[in-house]
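Grab a pencil and work through these exercises with the model open beside you. Each one sets a small task and then walks through a solution.

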Amino acid sequence: MAVPAAASEFALTFSILKTCPVTKARTSVLTLPHAVVKTPVFMPVGTQGTLKGLLPEQLEELNCNMMLSNTYHLGMRPGQEIIEKAGGLHKFMNWKNGLLTDSGGFQMVSLVKLSKVTEEGVNFVSPYDEKEILLTPEKSIDIQNSIGADIMMQLDDVVSSTISGPRVKEAMHRTYRWLDRCIKQHAKPQSQNLFPIVQGGLDPELRRQCVAELLKRRVAGYAIGGLSGGEAKDDFWKMVHLSTDLLPRDKPRYLMGVG
C-alpha cells in the first residue's frame with residue numbers, strides 16, 4: 001500500500017464525508033486551486049475549451065464548477081503557443097472554476113485509423129491538415145502545463161475495452177512506464193495535480209498488476225481507464241469494483257469515459 005501523502009504535497013486536499021457500507025460509494029469534498037468540488041460530480045465535456053451551446057456564465061448559474069477539456073484537440077487547435085499567450089485555458093475561455101484535462105490517450109482508440117503507438121509515443125495523422133504529429137508523454141505534460149488544468153491525466157496506452165490478449169498486457173505495462181516519464185516532465189506540481197490511470201482491460205490480474213505499480217509512485221489521485229468502450233455492463237462494474245477495492249481510500253478517484 002502506498003504511503004499516505006501529506007496534504008501540502010499536492011495541489012489539492014480531499015476529505016471523505018460519508019461512505020456507503022454496501023456499495024462503498026463516497027461523498028467527499030475535493031479542494032482544488034480553482035474550485036471546491038463536492039463529489040460524486042459529473043463533469044461536462046468542453047473538448048476544445050468550450051461547452052457547445054453554453055457560456056461559462058451559464059455553467060456557473062447551473063452550479064457547475066468542474067469541466068473537462070482535451071489535450072490532443074487543444075494542442076492542435078488553437079495550439080499550445082496561443083493558450084500560453086492567453087495565460088492558460090482558464091483565461092482563454094473565461095472560466096474561473098475547476099478544469100480537468102485528458103492526456104490525448106483516448107484518441108488512440110477514437111482515431112485508431114490515424115494513429116500508431118510505439119514506446120516513444122503516439123504518431124497521429126492530424127484530422128485537420130493531415131500533418132504527422134508525435135504525442136509523447138513529455139509533450140502531453142508540456143501542453144497540459146500550458147493549459148493549467150487543476151487535474152491532468154498521464155498519457156496512457158489505451159486500447160479498446162472489447163479486445164483481449166497480448167496487446168492489452170503491452171498497453172498496461174507501457175502505461176506505468178509512461179507515467180514515470182510524465183512525473184519527471186511535470187513542471188507545476190505546486191498548482192496542478194497529475195493522476196495516473198489504471199489500465200488492464202477486462203483482465204483482473206492485469207488490473208491488479210497495474211494498480212500495484214501505480215501505488216509505488218507518489219501521486220495526488222487516481223483515474224480508472226480503459227472501460228466504457230462497448231463491453232458488457234457486468235464486465236464494466238467488475239473492473240470498477242476491483243480497481244476501487246485496490247486503490248487507496250484516502251485519495252480521489254476519477255472514473256473515465258462514463259459521461
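**Exercise 1. Find out what Arg-174 touches once its neighbours within four places in sequence are set aside.**

Step 1. Leave out those neighbours, and Arg-174 is in contact with Val-117, Thr-118, Glu-119, Asp-157 and Arg-167. Bear in mind that this is a predicted model.

Step 2. Now place the residue: Arg-174 sits in helix H6.

Step 3. Is Arg-174 buried or exposed? Its relative accessible area is 7%, and the cut-off for buried is under 20%, so Arg-174 counts as buried.

**Exercise 2. Describe how helix H5 and helix H6 pack.**

Step 1. Know what to look for: a pair of packed helices is described by the angle between the axes and the distance between them.

Step 2. Read off both values. H5 (residues 137-147) and H6 (residues 166-185) pack at about 40°, and their axes are 8 Å apart.

Step 3. Put a word to the angle. Roughly parallel needs under 35 degrees, and roughly perpendicular runs from 65 to 115, so H5 is oblique to H6.

Step 4. Add the hand: H5 and H6 make a right-handed crossing.

Step 5. List who makes the contact. From H5 come Pro-137, Glu-138, Ile-141, Asp-142 and Asn-145, and from H6 come Trp-178, Arg-181, Cys-182 and Gln-185.

Step 6. Check the spacing against a rule of thumb. An α-helix has 3.6 residues a turn, so residues three or four places apart point the same way.

**Exercise 3. Work out how many residues of H5 are buried, and look at what comes just after the helix.**

Step 1. Count: 8 of the 11 residues in H5 are buried, so the helix is mostly covered.

Step 2. Name them. The buried ones in H5 are Pro-137, Ser-140, Ile-141, Ile-143, Gln-144, Asn-145, Ser-146 and Ile-147.

Step 3. Go one step past the end. Just after H5 comes Gly-148, with a positive phi of about 85°.

**Exercise 4. Search the whole structure for aromatic pairs and classify what turns up.**

Step 1. The search gives 2 aromatic pairs.

Step 2. Take Tyr-72 and Phe-124. Their ring centres are 4.7 Å apart with the planes at 50°. Stacked would need under 30 degrees and edge-to-face over 60, so this pair is tilted.

Step 3. Ask where the partners come from. Tyr-72 is in helix H2 (residues 71-86) and Phe-124 is in strand E7 (residues 122-125), so the pair, 52 residues apart, links distant parts of the chain. Both Tyr-72 and Phe-124 are buried.

Step 4. Turn to Phe-236 and Trp-237. These rings are 4.9 Å apart, centre to centre, with 75° between the planes, an edge-to-face pair.

Step 5. Check how covered each partner is. Phe-236 is buried at a relative accessible area of 4%, whereas Trp-237 is partly exposed at 43%.

Step 6. Look over the ring. Lys-233 lies over the face of Phe-236, 5.1 Å from the ring centre.

**Exercise 5. Hunt for unusual backbone geometry.**

Step 1. Start from the background: most residues other than glycine have a negative phi, and most peptide bonds are trans.

Step 2. Look for cis bonds. The Thr-39 to Pro-40 bond is cis, with omega near 5°, and Pro-40 lies in the loop between strand E3 (35-39) and helix H1 (56-61). The Arg-77 to Pro-78 bond is cis too, with omega near 10°, and Pro-78 lies in helix H2.

Step 3. Look for positive phi outside glycine. Asn-63 has phi near 65° and lies in the loop between H1 and strand E4 (66-70). Ser-228 has phi near 60° and is found in the loop between strand E12 (222-224) and helix H8 (233-246).

Step 4. Add accessibility. Asn-63 is exposed at 70%, while Ser-228 is partly exposed at 32%.

**Exercise 6. Describe the surroundings of Asn-97.**

Step 1. Locate Asn-97 in the loop between helix H3 (89-93) and strand E5 (98-102).

Step 2. With a relative accessible area of 15%, Asn-97 is buried.

Step 3. Skip residues up to four places away in sequence, and Asn-97 touches His-34, Ala-35, Glu-60, Cys-64, Asn-65, His-90 and Asp-150.

Technical notes. Residues are numbered from 1 along each chain as its sequence is written. This is a predicted model: local features need pLDDT of at least 70, side-chain atom pairs count only at pLDDT 80 or more; totals for chains, interfaces and linings use all residues. Side-chain values use heavy atoms; hydrogens and water are left out. Rings of Phe, Tyr and Trp (its six-membered ring) pair if their centres lie within 6.5 Å; planes under 30 degrees apart count as stacked, over 60 as edge-to-face and the rest as tilted. Helices (H or I, at least four residues) and strands (E, at least two) are DSSP runs, numbered from the N terminus. Buried means under 20% relative accessible area, exposed over 50%, partly exposed in between (1.4 Å probe, protein chains only). A charge sits over a ring if NZ of Lys or CZ of Arg is within 6 Å of the ring centre and within 35 degrees of the ring normal. Axes are lines fitted to C-alpha atoms, for helices over the stretch in contact, and angles run from 0 to 180 degrees between N-to-C directions. Angles under 35 degrees count as roughly parallel, over 145 as roughly antiparallel, 65 to 115 as roughly perpendicular and the rest as oblique. A crossing is left-handed if the near helix is turned anticlockwise from the far one by less than a right angle, and right-handed if clockwise. Contact means heavy atoms within 4.5 Å.
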